[in-house]
Amino acid sequence: LQETLLPILNLIKNDQIQHSLASEFILNKTRLFLTYCSYLSFYFVLKSQRVPIDNHPIVKNILQYRNVGIYR
């Protein structure tokens with residue numbers, strides 16, 4: 001994220017790259033990564049507190065984001 005998407009996102013926010021479908025894609029991909037990371041962080045907090053997470057909705061959300069293919 002820091003090496004690939006954030007430098008491009010900074011260029012978009014500073015108006016050095018024109019607004020286009022590609023810039024929307026970068027913005028959405030960045031949001032997707034950040035949401036996935038926040039879900040993982042919350043998951044690890046629950047695990048560290050030994051909270052049962054078998055039926056917790058966060059597990060379903062993490063699997064959905066992983067299946068979307070954020071690593072492509």
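# Chat about a predicted three-helix model

User: Hi! Let's start with phenylalanine 33: is that one buried or exposed?

Analyst: Phenylalanine 33 counts as buried, at 16% relative accessibility. The cut-offs are under 20% relative accessible area for buried, over 50% for exposed, and partly exposed in between, using a 1.4 Å probe and protein chains only.

User: Where does phenylalanine 33 sit?

Analyst: Its place is in helix 2. Helices here are DSSP runs of H or I with at least four residues, strands are E runs of at least two, and both are numbered from the N terminus. The C-alpha atom of phenylalanine 33 is 18 Å from that of proline 57, with the two positions 24 residues apart along the chain.

User: Before I go on, what kind of model is this?

Analyst: This is a predicted model, where local features need pLDDT of at least 70 and side-chain atom pairs count only at pLDDT 80 or more, while totals for chains, interfaces and linings use all residues. Residues are numbered from 1 along each chain as its sequence is written, and side-chain values use heavy atoms, leaving out hydrogens and water.

User: How confident is the predictor, then?

Analyst: The protein chain averages a pLDDT of 86, and 94% of the residues score at least 70. That score is the predictor's confidence in each residue, from 0 to 100. Confidence is highest in helix 2 (residues 21–48), at a mean of 91, and lowest in helix 3 (residues 57–68), at 85. As a general caution, predicted coordinates should not be read in detail where pLDDT is low.

User: Good to know. Which residues make the largest nonpolar core?

Analyst: There are five: Tyr36, Leu46, Ile53, Ile58 and Ile62. A core is a set of buried Ala, Val, Leu, Ile, Met, Phe, Trp, Tyr and Cys residues joined through side-chain atoms within 4.5 Å.

User: Which helices supply at least two residues each?

Analyst: Helix 2 and helix 3 both do that for the largest core. On the helix 2 side, tyrosine 36 is buried, with a relative accessible area of 7%. Its C-alpha atom lies 6.5 Å from that of tyrosine 65, although the two are 29 residues apart along the chain.

User: And what does leucine 46 touch?

Analyst: Leaving aside neighbours within four places in sequence, leucine 46 is in contact with Val51, Ile53, His56 and Ile58. Contact means heavy atoms within 4.5 Å. Phenylalanine 42, also found in helix 2, is in contact with His56 and Ile58 under that sequence filter. Phenylalanine 42 is partly exposed, at 38% relative accessible area, and its C-alpha atom is 8.1 Å from that of isoleucine 58, 16 residues away along the chain.

User: Switching ends: what is threonine 30 in contact with?

Analyst: Threonine 30, in helix 2, is in contact with Leu1, Leu5, Leu6 and Leu9, neighbours within four places being left aside. Threonine 30 is buried, with a relative accessible area of 3%.

User: What about lysine 29, buried or exposed?

Analyst: Lysine 29 counts as buried, at 14% relative accessibility, and is found in helix 2. Its C-alpha atom and that of leucine 5 are separated by 8.0 Å, with the pair 24 residues apart along the chain.

User: Which residues make the nonpolar surface patch of about 200 Å²?

Analyst: Ile8, Leu11 and Ile17 make that patch. Patch residues have over 30% relative accessible area and no salt bridge, and like charges are joined within 9 Å, nonpolar side chains (Val, Leu, Ile, Met, Phe, Trp, Tyr) within 5 Å. A salt bridge is a side-chain nitrogen of Lys or Arg within 4 Å of a carboxyl oxygen of Asp or Glu. Areas come from the Shrake-Rupley method with a 1.4 Å probe, and for residues only the protein chains shown count as cover. Isoleucine 8 lies in helix 1 and counts as partly exposed, at 33%.

User: Last topic, the backbone: what is phi of aspartate 15?

Analyst: Phi of aspartate 15 is near 60 degrees, a positive value in a residue other than glycine. Aspartate 15 is in the loop between helix 1 (5–13) and helix 2, and is exposed at 67% relative accessible area. Arginine 50 also has phi near 60 degrees; arginine 50 lies in the loop between helix 2 and helix 3 and is exposed at 75%.
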